[in-house]
Each structure stands twice: as C-alpha cells, then as structure tokens.
Amino acid sequence: MIQVTPSIAIDESEIEESFVRASGPGGQHVNKVSSAVQIRFDARSSPSLPNDVAIRLMKLAGSRLTQDGVVVIVAQTHRSQKRNREEAVERLAELIRAAAVRPQVRRATKPTKASKERRLASKERRSGVKAGRSKPVSD
C-alpha cells in the first residue's frame with residue numbers, strides 16, 4: 001500500500017510499471033540497461049480514489065492522461081531502475097495529493113462605497129496631472 005494522504009492509500013497492484021531504455025546522455029550504459037520506468041495508473045476505475053478526487057486528478061494530469069483515463073508517468077533521470085521507480089511513484093503521489101485538496105468556492109463580493117470613491121478621486125487626480133502636461137489652448 002502506498003499512503004498518499006491520511007485518508008487515501010493506493011494498492012501497489014493498481015499501478016502497472018514497465019521499464020524501457022532511457023534517452024539522453026549516459027554513454028554505453030544507456031544502450032545496455034532499461035532503467036527508465038513508465039508507470040500507468042487507471043484513475044477512472046480506481047477503487048482507492050473517491051470520485052471527486054479522481055475527477056480532479058484527471059484534470060490535473062493534463063497531457064499525462066490517456067483517453068481511457070489512465071495517468072502515465074515516465075521517470076528517467078536516475079541511472080538505476082529502483083530510483084526511477086521511486087521517483088515516478090512519488091510524482092504520482094504528489095499529483096494525487098494535489099487533487100485531494102478541495103478548491104475553495106469563490107464568493108462574489110461588491111466593492112465598498114468608500115473604495116469606489118477613492119478610485120474615482122485617484123482617477124480625477126491622475127487626469128489633472130496629465131491635463132497639466134498638455135500645451136495651453138490659445139484662443
């Protein structure tokens with residue numbers, strides 16, 4: 001079990017992982033070893049996630065989400081499979097933690113009368129400053 005938040009834990013069997021060859025620098029090592037990891041997590045049909053968290057997770061995942069509702073994360077920064085796997089799982093956990101936070105509802109408010117008056121007075125002062133810069137009008 002991967003403990004994401006105090007109320008959300010994901011079973012490791014829900015995460016599919018496959019190891020592929022990493023791209024980038026690394027010399028001969030990068031050509032011989034499949035150290036990059038690609039993890040897949042089915043957010044849409046996961047029993048571990050509450051429905052609202054799953055919906056927010058799919059919105060947050062962006063381009064990492066497939067059309068089937070599967071989140072795909074690739075990690076290839078480290079030389080070892082183990083460290084890449086740990087990094088990928090931690091990135092998935094961070095994404096789920098961010099999705100678990102409920103967004104605050106914005107309540108519309110009106111500006112106070114005093115703030116409207118201050119704004120208009122400020123605009124009037126600024127207008128006077130700019131008007132004073134122009135050439136005098138000759139009759």
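This is a short walk through a predicted model, with one selection per stop.

**Stop 1: the core.** Start with I39, F41, L49, L57, V71, L92 and I96 as sticks. They have the most contacts inside the largest nonpolar core, a set of 23 residues. Now colour β4 (36–42), α2 (51–61), β5 (70–75) and α3 (81–100), the elements that each give two or more residues to that core. Helix α3 supplies the largest share, with six residues.

**Stop 2: helix α3.** Pick 81–100 and put a distance between the end C-alpha atoms. You should get 28 Å, in agreement with the 28 Å that 20 residues should span at 1.5 Å a residue. Next, highlight N84, A88, V89, L92, A93, L95, I96 and A99, which are buried members of α3. Then zoom in on L92: beyond its neighbours within four places in sequence, L92 is in contact with I15, I39, F41, V71 and I73.

**Stop 3: the strand pair.** Show β4 and β5 together; they run antiparallel and pair over six bridges. On F41, look straight across and you'll find V71 of β5 standing opposite. Strand β5 is mostly covered, with five of its six residues buried.

**Stop 4: an arginine in α2.** Select R56, which sits in helix α2. Is R56 buried or exposed? R56 counts as buried because its relative accessibility is 19%, and the cut-off is under 20%. Setting aside neighbours within four places in sequence, the residues in contact with R56 are A99, A100, V101, R102 and P103. A99 is one you've already highlighted, among the buried residues of α3.

Definitions and conventions
Residues numbered from 1 in each chain as written. Predicted model: local features only at pLDDT ≥ 70, side-chain atom pairs only at ≥ 80, totals over all residues. Heavy atoms only, no water. Core = buried A, V, L, I, M, F, W, Y, C linked by side-chain atoms within 4.5 Å. Buried < 20%, exposed > 50% of the residue type's maximum accessible area, 1.4 Å probe, protein only. Helix = DSSP H or I, 4+ residues; strand = E, 2+ residues; numbered from the N terminus. Contact = heavy atoms within 4.5 Å. Expected span 1.5 Å × (residues − 1). Pairing = 2+ DSSP bridges.
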